[in-house]
Amino acid sequence: MTVSRTARLTAAAVAVILAAAGCGTDDTSDTADPATSVDTTSAPPDLQWRTVAGVLVPTSRTAGPTAGTGAARHGYDRTPQGAVLAAINGQTALAVADDRTWPEVVNTVTAPGPGRDAFAVARAGVTVAGAVPATAAPRFVGFEVTDYQLDPPTAAVSVAQTIGTDPQLYAYPVALQWIDDDWRIVLPTPEDDIDAAEIADLTGYTTLKGAS
């Protein structure tokens, strides 16, 4: 069975794969006062873009990813901005990883749990290969950090995107946990029924500059 790597990447793409198959250590921030204001609206600093299997994803020398190679890159700053980049890069990696690399990607970018287990079982039953065509590739245009906790470190990010030449905006939620000095995506289970939702505009979202 072959699954085309098109449209709804990230959390939505994970759901597509599932449907087709049936998809820390302490540091000084640990002692931060929970009442201290955390900047959840600024875009990641020194934002740049790289291409992964036909998909442009945002990166930052400061916020990450700073380690690994290919789709399995990782290493994010323990900030809301690091969580945003982990959400976009990690879910994209899950959607585009080929049959040889996907186990490494899953183990690198996701948190252990029933969502990861369900994704692995589903992914083992499909074949993914080739780059995402330009007519179907997502364009990441904005984000909203809907929740951010310092202790324990968790985040929830809503990512806004368009698909190919379709001007309609879509948003999808991504949950993350800080594990082993990095942000890890908490994958949903099929029962969670996570999917992208249409949004009218980017009100409430922070724009990601430079996507083309």
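The largest nonpolar core of this predicted model has 44 residues. Within that core, the residues with the most contacts are Ile-88, Leu-94, Val-105, Phe-140, Val-157, Leu-176 and Trp-183. Two or more residues each come from helices α2 (80–96) and α3 (102–109), and from strands β2 (55–60), β3 (138–150), β4 (153–163), β5 (166–179) and β6 (182–186). The element that gives the most is α2, with ten residues. Another core lies apart from this one; it consists of six residues, including Val-141, Ala-160, Ala-171 and Tyr-205.

These elements belong to a chain with four helices and eight strands. Read from the N terminus, their order is α-β-β-α-α-α-β-β-β-β-β-β. Of the 212 residues in the chain, 47% are buried. The accessible surface of the chain is about 9600 Å², and carbon and sulfur atoms account for 51% of that surface.

Helix α2 can be taken next. Burial applies along its whole length: 17 of its 17 residues are buried. Its geometry can be checked against the expected rise. With 1.5 Å a residue, the 17 residues of α2 should span 24 Å, and the C-alpha atoms at its ends are 24 Å apart, so the two values agree.

Ala-93 is found in α2. Its relative accessible area is 2%, which is under the 20% limit, and Ala-93 is therefore buried. Leaving aside residues up to four places away in sequence, Ala-93 touches Ala-71 and Val-105. Val-105 is also one of the residues with the most contacts inside the largest core. A further relation links Ala-93 to Ala-53: the two are 40 residues apart along the chain, and their C-alpha atoms are separated by 8.9 Å.

Ala-53 leads to the β1–β2 hairpin, where it sits in the turn with a positive phi of about 50 degrees. Two residues lie between the strands of this hairpin. Strand β1 (residues 47–52) pairs with β2 in the antiparallel sense, over six bridges. One of the bridge pairs joins Thr-51 to Leu-56 in β2.

A second hairpin is formed by β3 and β4, again with two residues between the strands. These strands run antiparallel and are joined by eleven bridges. Val-145 has Val-157 in β4 as its bridge partner, and Val-157 is among the residues with the most contacts in the largest core. Strand β3 also pairs with β8 (residues 206–207), in the antiparallel sense and over two bridges. There, Phe-143 has Thr-206 in β8 as its bridge partner.

In a regular strand, side chains alternate between the two faces of the sheet.

Ser-158 is found in strand β4. Is Ser-158 buried or exposed? Its relative accessibility is 10%, and since the limit for buried is under 20%, Ser-158 counts as buried. Its side chain makes a polar contact of 2.8 Å with the side chain of Tyr-205. Tyr-205 is itself one of the six residues in the separate core.

The other surroundings of Ser-158 can be listed as well. Not counting residues up to four places away in sequence, Ser-158 touches Gly-142, Phe-143, Glu-144, Thr-146, Ala-171, Tyr-172, Pro-173 and Tyr-205. Among these, Ala-171 belongs, like Tyr-205, to the core of six residues, and Phe-143 is the residue bridged to Thr-206 in β8.

Methods: Residues numbered from 1 in each chain as written. Predicted model: local features only at pLDDT ≥ 70, side-chain atom pairs only at ≥ 80, totals over all residues. Heavy atoms only, no water. Core = buried A, V, L, I, M, F, W, Y, C linked by side-chain atoms within 4.5 Å. Buried < 20%, exposed > 50% of the residue type's maximum accessible area, 1.4 Å probe, protein only. Pairing = 2+ DSSP bridges. Expected span 1.5 Å × (residues − 1). Areas by Shrake-Rupley, 256 points an atom, 1.4 Å probe, with all protein chains shown as cover. Polar contact = N/O pair within 3.5 Å; in protein donor to acceptor, adjacent residues only side chain to side chain. Contact = heavy atoms within 4.5 Å.
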